[in-house]
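Student: I would like to learn how to read a protein model feature by feature, starting with how helices and sheets are placed and ending with a single residue. Could we work through one together?

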Amino acid sequence: MKPSSFEYHAPETVEEAVEILAQFGDSAKILAGGQSLIPMLALRLTSFEHLVDLRRIRGLDSIDRRDGMVRVGAKVTESAVECSDEMAGAVPLVTRATPHIGHFQIRNRGTLCGSIAHADPAAEYPAVAVALGAEMEVISRSGSRTVSAEDFFTGYWTTKLRADELLAAVTFPVWKGRRGFGFHEFARRHGDFALSGAAIGIEADADDRITRCGIALIGMGSIPERARAAESAVLQSKIGEVSAKELGRIAMSELESVPSDVHGSAAYRKRIGAAMVERAWQEAQSEVMND
Ligand SMILES: Cc1cc2nc3c(=O)[nH]c(=O)nc-3n(C[C@H](O)[C@H](O)[C@H](O)COP(=O)(O)OP(=O)(O)OC[C@H]3O[C@@H](n4cnc5c(N)ncnc54)[C@H](O)[C@@H]3O)c2cc1C
C-alpha cells in the first residue's frame, strides 16, 4: 500500500514550521524521523494533507547540559542519544533505555522527541521521562509553554500537544547526590515493543535514606503509568531494607486498566510487570549502594 497523497513542506525555521501548523491545523502533521508516522501512512492507518518535515531546520539537533538539566532538541536521533557521553553521565536512565528501542536502523532515524510526541504507552522514552520528571518544551505561533511529563500523556498515542504545536525539546533534570537508576523490560523478541517494563530512579542521603524515587511502567495502561503508591512506600526507607518483590506487588496493585490482547492477558502482564519492577529496583539500589 502507499500513503494517500499529501503536500510536503520543508520549512527552514521553527517559526515557518509553526506558521504552517497554524495555517492547516488538524490536517497537518510534523514529520521527524518518520519511523512511526511513515509506516502508519503507508498502511493507511492515518492520513494527513500536509506533512511538515523538520529536516531543514537548524538548531534542533543538539544535546545541551545547563542549569542542572539536559535538553534534547527535536531533531536529536535515538542513536545520537545512545552515543552521547553527556547523556550517559548526566541522565544514565535515558542511555540505558535506548538500546531497547527497535533496532539500530530505526534508532538512526527515529528521534527522542518523536517518540515522546508519538506517545506509545509501550515505548521506552515516555516512561523514562515520567520516572525522571522531564519537561516538554512546546512551541506554537502564539508562543511557548512547558508541560511536565506527568501531565503530557493523556491516552493511547495522545498528548497535550495541540495540532498547531511543535515539541521543540525535552528537558531531563540531572538527579543529584547518591543516585541509582534501573531499567528492565520484557519483549518476546529483541527489538519488539515491550509487553511490560519499568524505569526507576532513586536518590538517597548519606544515611542511605531514600529521599526521591520515580517509578514508571511500560505497557501497563493507556499512558506510561507512574507507580505512585510504590514511590511513596519507599520514601524515607533505608535503601537496603526495601523488599524489591513487595515493591513489584505494590506497583501492580494500583493499576486499573492493564491491556489484555493476543500478546498477553492482563494477569500475565501484571506478573511480568512486577518482575520488571523488582529487577529495575535491584539495579537502581545496587547503583546507589556503590555510589
Ligand atoms: C520496526 C519498528 C520497531 C520499533 N520499535 C520500537 C520500540 O521498541 N520502542 C519504541 O519506543 N519505539 C519503537 N519504534 C518507533 C521509533 O522509536 C520511532 O522512531 C518513534 O516512535 C518516533 O520517532 P520519529 O522521530 O521517527 O517520529 P515520526 O515517525 O516522524 O513521528 C511520530 C509522531 O510524532 C509526531 N512528532 C514527531 N516529532 C514531533 C515534534 N518535534 N513535535 C510534534 N510532533 C512530533 C509526528 O507528527 C507523528 O505523529 C519502532 C519503529 C519501527 C518501525
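Student: Which strands does helix α8 (residues 124–132) lie across, and at about what angle does it run to β13?

Tutor: Before reading any angle, bear in mind that this is a predicted model. Helix α8 lies across β12, β13 (210–218) and β14, and its direction makes about 160° with that of β13.

Student: In what order do the strands of the sheet with β11, β12, β13 and β14 stand, and what is their pairing?

Tutor: To read a sheet, follow the strands from one neighbour to the next and then ask what happens at the ends. Here the four strands form an open sheet in the order β11-β12-β13-β14, with antiparallel pairing. The edges are β11 (178–186) and β14 (225–226), and because each has a single partner strand, one side of each is left without a neighbour in the sheet. The antiparallel strands β11 and β12 (residues 196–204) are joined by nine bridges, and R178 stands opposite A204 in β12.

Student: Which strands make up the open sheet of five, and in what order?

Tutor: The same way of reading applies. The order of this open sheet is β4-β5-β10-β6-β7, again with antiparallel pairing. Its edges are taken by β4 (63–66) and β7 (143–148), each with a single partner strand, so one side of each has no neighbour in the sheet. Averaged over neighbouring strands and with direction ignored, the turn of one against another is 25°. Within the sheet, β5 (residues 69–73) pairs with β10 over five bridges in the antiparallel sense, and T171 in β10 is the bridge partner of R71.

Student: Which strands does α1 lie across?

Tutor: Helix α1 lies across β6 (135–140) and β10, running at about 120° to β10.

Student: How is the protein chain divided into domains?

Tutor: A domain list becomes useful once you ask which parts touch one another. The chain is divided into domain 1 (7–53), domain 2 (63–172) and domain 3 (179–289). Between the C-alpha centres of domain 1 and domain 2 there are 18 Å, and the contact takes 14 residues from domain 1 and 17 residues from domain 2. On the domain 1 side of that contact, helix α1 (residues 14–24) gives the most, with six residues, while the classes on this side are seven nonpolar, five polar and two charged residues.

Student: Where does the shell around the ligand come from, and which element gives the most to it?

Tutor: A shell can be read by distance, by element, by class and by domain, and each view adds something. Of the 28 residues around the ligand, those that come nearest are G33, G102, G110, G114 and A123. The elements that each supply at least two residues include β2 (28–31), α2 (37–42) and α6 (104–109), and α7 gives the most, with five residues. The shell divides into 15 nonpolar, ten polar and three charged residues, and both domain 1 and domain 2 provide at least three residues each.

Student: Let us finish with one residue: is Y8 buried or exposed?

Tutor: To judge this, count the C-beta neighbours inside 10 Å; a residue with 12 or fewer is exposed. Y8 has 10 such neighbours, so Y8 counts as exposed. Y8 is placed in strand β1 (residues 7–9), and, leaving out residues up to four places away in sequence, Y8 touches L51 and D53. The C-alpha atoms of Y8 and L41 are separated by 13 Å, with the two residues 33 apart along the chain.

Terms used
Residues numbered from 1 in each chain as written. Predicted model: local features only at pLDDT ≥ 70, side-chain atom pairs only at ≥ 80, totals over all residues. Near = placed C-beta within 6 Å. Nonpolar A, V, L, I, M, F, W, Y, C, P; charged D, E, K, R; others polar. Domains from an automatic or database assignment. Contact = placed C-beta atoms within 7 Å. Pairing = 2+ DSSP bridges. Axes fitted to C-alpha atoms, helices over the stretch in contact; angles between N-to-C directions. Buried ≥ 20, exposed ≤ 12 C-beta atoms within 10 Å, placed from the backbone.
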